Amino acid sequence: MSSIPYPLDKIRAIAFDVDGVLSPSTIPMSATGQPLRMVNIKDGYALQLAVKCGLQLAIITGGTCEANEVRYSSLGVQSIFQGVAKKLPVLQLWMESMGLKAEEVAYVGDDIPDYEAMQAVGLSVAPADSAPEIKEIAVYISPVAGGYGVARDLLEQVLKAQGHWMTHAKAFGW
């Protein structure tokens, strides 16, 4: 049984922010000032399985990092938008290009730049350590902090609701 108060069988697509969602809010910096991101392996497993099960996934982030492109494309994510100052227009164009209705889309964000995008979808999700304004509008607040399994939490519940968790032919491999 899902802890998310939304009909998860409707979800066809999910967009994720990176910093504070797929990576922790605190990021180490390289000697040249380049932010370094950590990733969660269980998030990675769930992301690649979701792609194999037919969910459309997108990364929409304000940051720009070659590692993001490498990491998420290697998991099968085809829609990766970096350096995005205003996320709502990018989200809307992506949804339109995929033929998606708002009620078929989830967006996972943690801070003010995600606010408008979260209001434009059916299922808005926030990590446990999100900004108060984001928690206020989220349909679901994950019990885990950003970077520590938020994608796994959401995707596992969606895939279970859709009958794909541990039943899909490709569930037991990468």
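# A walk through the fold

Guide: Let's start inside: Lys-87 is buried, with a relative accessible area of 5%. Bear in mind that this is a predicted model.

Visitor: Which side chain makes a polar contact with that of Lys-87?
Guide: Lys-87 belongs to helix α3, residues 87-98. Beyond its sequence neighbours up to four places away, this lysine touches Asp-17, Ile-60, Thr-61, Gly-62, Tyr-107, Pro-113, Asp-114 and Ala-117. The side chain that joins Lys-87 in a polar contact, at 2.8 Å, is that of Asp-114.

Visitor: How confident is the prediction, and what is the mean pLDDT of the protein?
Guide: Where pLDDT is low, coordinates shouldn't be read in detail. Here 99% of the residues reach 70 or more. Confidence is lowest in α2, at a mean of 96, and highest in strand β4 (residues 105-108), at 99. For the protein, the mean pLDDT is 95.

Visitor: Which strands stand at the edges of the sheet?
Guide: Six strands make up an open sheet with parallel pairing, and the order is β3-β2-β1-β4-β5-β6. An edge strand has a single partner, so one of its sides is left without a neighbour in the sheet. That description fits β3 (79-81) and β6 (140-141).

Visitor: What stands opposite Ala-58 in β3?
Guide: β2 and β3 pair in the parallel sense, over three bridges. Across from Ala-58, in β3, you'll find Ser-79.

Visitor: At the other end of the order, which residue of β6 is the bridge partner of Val-125?
Guide: β5 is joined to β4 by three bridges, running parallel, and one residue of β5, Leu-123, is the bridge partner of Ala-106. β5 and β6 also run parallel, joined by two bridges. In β6, the partner of Val-125 is Tyr-140.

Visitor: Are the β5 side chains buried or exposed?
Guide: In a regular strand, side chains alternate between the two faces of the sheet. In β5, Leu-123 and Val-125 point one way, while Ser-124 and Ala-126 point the other way. Whichever way they point, these four are all buried.

Visitor: What about Pro-127: what is its relative accessibility?
Guide: Pro-127 sits in the loop between β5 (123-126) and α5 (132-137). Setting aside neighbours within four places in sequence, its contacts include Gly-20, Val-21, Gly-109, Asp-110, Ile-141 and Val-150. Pro-127 counts as buried, because its relative accessibility is 0%.

Visitor: Where does Met-118 lie?
Guide: At 2% relative accessibility, Met-118 is buried too. Not counting residues up to four places away, Met-118 touches Ser-124, Val-125 and Ala-126, and among its other contacts are Tyr-107, Ile-134 and Ile-137. Its home is residues 115-119, helix α4.

Visitor: Now for α1: what span does that helix reach from its first C-alpha to its last?
Guide: Helix α1 (residues 41-52) has twelve residues. At 1.5 Å a residue, the expected span is 16 Å, and the model comes close to that. The helix reaches 17 Å.

Visitor: Which residue caps the N-terminal end of α1?
Guide: Look for a side-chain oxygen 2.9 Å from the backbone nitrogen of Lys-42. At the other end, α1 is followed by Gly-54, with a positive phi near 100°. The N-terminal cap is Asn-40.

Visitor: Which elements do the buried residues of α1 pack against?
Guide: Quite a stretch of α1 is buried, including Asp-43, Gly-44, Ala-46, Leu-47 and Leu-49. The buried residues pack against two strands and two helices: β1 (13-16), β2 (56-60), α2 (66-74) and α6 (150-161).

Visitor: Why is the pair of Tyr-45 and Trp-165 called edge-to-face?
Guide: The structure holds one aromatic pair. Its ring centres, those of Tyr-45 and Trp-165, are 6.0 Å apart. Tyr-45 lies in helix α1 and Trp-165 in the segment after α6, so the pair ties together parts that are 120 residues apart in sequence. Planes over 60 degrees apart count as edge-to-face, and the angle here is 80°.

Visitor: What phi does Met-166 have?
Guide: Most residues other than glycine have a negative phi. Met-166, in the segment after α6, goes the other way although it is not a glycine. Met-166 is exposed, with a relative accessible area of 54%, whereas Trp-165 is buried. The phi of Met-166 is positive, about 60°.

Definitions and conventions. Residues are numbered from 1 along each chain as its sequence is written. Side-chain values use heavy atoms; hydrogens and water are left out. The expected span of a helix is 1.5 Å times one less than its number of residues. Buried means under 20% relative accessible area, exposed over 50%, partly exposed in between (1.4 Å probe, protein chains only). Contact means heavy atoms within 4.5 Å. A polar contact is a pair of N or O atoms within 3.5 Å; within protein, one must be able to donate a hydrogen and the other to accept it, and residues adjacent in sequence count only if both atoms are side-chain atoms. pLDDT is the predictor's confidence in each residue, from 0 to 100. Rings of Phe, Tyr and Trp (its six-membered ring) pair if their centres lie within 6.5 Å; planes under 30 degrees apart count as stacked, over 60 as edge-to-face and the rest as tilted. Two strands pair if DSSP finds at least two bridges between them.
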